[in-house]
Amino acid sequence: MIDGTGDVRLDKWLWAARLFKTRSLAAEAADRGRVLVNGQVARPSRAVRPGDILTLRLEGPPRVLQVRGLSRLRGPAAQAQALYEETPDSLAARARAAEARRLAPEPAAAIAQGRPTKRDRRQLADWQRWSAAIDDGPERGR
């Protein structure tokens, strides 16, 4: 249901636009100050109207969206994407961040040997179990 009249709660709109998996996650993000509406921190009950600029500060660079439509119901992905338009600057920043992640060195590559595999752990356990000689134990009865 896309309608251009009235207004919708911010948390409901974020959920309907498929920007959050659940409405409670959308409300929690707004409560933590990670959602801005027209440059101001917004509460989950804030009314969203077409033309508003939303800034989502989640992981990575901030995502800047312009509200194009309103919906109180969560529909298909194509319908949800029609509710907003991401700004070109935001798209470019996300593309740069994705490229930087792609080109970044693998953190595990810096570790020379790394964690032992399951096979290595078994070999270590076998070695430790059978490496002690029978006569290396404490002296008894002497």
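**Buried rings, a hairpin and a one-sided helix**

Both W13 and Y84 are buried. That holds for a predicted model, and everything below should be read with this in mind. These two residues also make up the 1 aromatic pair that the structure holds. A pair of aromatic rings is described by how far apart the centres lie and by the angle between the planes. Here the ring centres of W13 and Y84 are 6.3 Å apart and the planes meet at 75 degrees; angles over 60 count as edge-to-face, so that is the label this pair gets. The pair also ties together distant parts of the chain: W13 belongs to helix α1, Y84 belongs to strand β7 (residues 84-86), and 71 residues separate them.

From Y84, the trail leads into the strands. Y84 in β7 stands opposite V67, and β7 pairs with β6 in the antiparallel sense, over 3 bridges. On to the next pairing: strand β6 (residues 63-67) is joined to β5 by 4 bridges, and these two run antiparallel as well. Within that pairing, L54 sits opposite L65 of β6. β5 and β6 form a hairpin, with 6 residues lying between the two strands. In the turn, G60 shows a positive phi of about 80 degrees.

Strand β5 itself spans residues 53-56, and T55 is part of it. Is T55 buried or exposed? With a relative accessibility of 16%, T55 falls under the 20% limit and so counts as buried. Leaving aside residues up to four places away in sequence, T55 touches R34, V35 and L36, along with P62, R63 and V64. As a general point, side chains in a regular strand alternate between the two faces of the sheet.

Now for the helix. Which residues of helix α2 (residues 23-31) are buried? The list includes A26 and A27, and also A29 and A30. These residues cover an arc of only 160 degrees around the axis, which means they lie on the same side of α2. As for what covers the buried residues of α2, the cover includes α1 (10-16) and β2 (35-37). Helix α1 thus comes up twice in this account: as part of that cover, and as the helix that holds W13 of the aromatic pair. After α2 comes G33, which has a positive phi, near 80 degrees.

Conventions:
Residues numbered from 1 in each chain as written. Predicted model: local features only at pLDDT ≥ 70, side-chain atom pairs only at ≥ 80, totals over all residues. Heavy atoms only, no water. Buried < 20%, exposed > 50% of the residue type's maximum accessible area, 1.4 Å probe, protein only. Contact = heavy atoms within 4.5 Å. Arc of directions from axis to C-beta. Phe/Tyr/Trp six-rings, centres within 6.5 Å; stacked < 30°, edge-to-face > 60°. Pairing = 2+ DSSP bridges.
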